[in-house]
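These are my notes from a session spent on charged pairs and on a few backbone details. I wanted to see where each partner sits before I said anything about what the pairs join.

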Amino acid sequence: GLDPYMTMYFANEISPKPDTDVVDTLIKDHHLQRRDILMIGNSEIDQLCAEAGGIDYISVQEFL
């Protein structure tokens, strides 16, 4: 039921993390501000990508 409200981005289809191309694409495609984005991840690479992209990060363990 969330399909109309959700867009999925797979970093490896754009450029593997910790490269920030996927973050930049998300911002450009949806006219977002970096301060409005939160990355939920489960690895050091996810955290490095968020930091390099200037967005907030929380580990999935903290989220759950």
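Entry 1, the short contact. I began with the side chains of aspartate 46 and lysine 17, which are joined by a polar contact of 2.2 Å. I keep in mind throughout that this is a predicted model. I then looked up the pair among the salt bridges and found it there too, with 2.2 Å between the closest N and O atoms of aspartate 46 and lysine 17. Aspartate 46 belongs to helix H3, residues 44-53, while lysine 17 belongs to the loop between helix H1 (11-14) and helix H2 (21-30), so the pair ties together parts that are 29 residues apart in sequence.

Entry 2, burial of the two partners. I asked myself whether aspartate 46 is buried or exposed. Its relative accessible area is 6%, and since buried means under 20%, I entered aspartate 46 as buried. For lysine 17 I noted a relative accessible area of 30%, which makes this residue partly exposed.

Entry 3, surroundings of the aspartate. I next wanted to know which residues are in contact with aspartate 46 once its neighbours within four places in sequence are left aside. I wrote down Lys17, Met39, Gly41 and Tyr57. As a check on another lysine, I looked up lysine 28, which has its place in helix H2 and is exposed, with a relative accessible area of 65%. Lysine 28 is 18 residues from aspartate 46 in sequence, and I noted 20 Å between their C-alpha atoms.

Entry 4, the loop between H1 and H2. I returned to lysine 17 for its backbone and found that a cis peptide bond joins it to proline 18, with omega at about 15°. Proline 18 also lies in the loop between H1 and H2. In that loop I looked up serine 15 as well, and at 10% relative accessibility I counted serine 15 as buried. The side chain of serine 15 makes a polar contact of 2.6 Å with the side chain of aspartate 19.

Entry 5, the other salt bridge. How many salt bridges does the structure hold? I counted two, and besides the pair in my opening entry there is one between aspartate 24 and arginine 34, whose closest N and O atoms are 3.0 Å apart. Aspartate 24 is in helix H2 and arginine 34 is in the loop between H2 and strand S1 (38-41), so this pair ties together parts that are ten residues apart in sequence. I recorded both partners as partly exposed, aspartate 24 at 31% relative accessibility and arginine 34 at 34%. As general background, I noted that side chains of opposite charge can pair when their charged atoms come close.

Entry 6, a backbone angle in the loop between H2 and S1. I looked up histidine 31, which lies in that loop, and found its phi near 55°, a positive value in a residue other than glycine. At 72% relative accessibility, I entered histidine 31 as exposed.

Entry 7, looking back. What I keep from this session is the pairing of a buried aspartate 46 with a partly exposed lysine 17, together with the cis peptide bond between lysine 17 and proline 18.

Note on methods: Residues are numbered from 1 along each chain as its sequence is written. This is a predicted model: local features need pLDDT of at least 70, side-chain atom pairs count only at pLDDT 80 or more; totals for chains, interfaces and linings use all residues. Side-chain values use heavy atoms; hydrogens and water are left out. A salt bridge is a side-chain nitrogen of Lys or Arg within 4 Å of a carboxyl oxygen of Asp or Glu. Helices (H or I, at least four residues) and strands (E, at least two) are DSSP runs, numbered from the N terminus. Buried means under 20% relative accessible area, exposed over 50%, partly exposed in between (1.4 Å probe, protein chains only). A polar contact is a pair of N or O atoms within 3.5 Å; within protein, one must be able to donate a hydrogen and the other to accept it, and residues adjacent in sequence count only if both atoms are side-chain atoms. Contact means heavy atoms within 4.5 Å.
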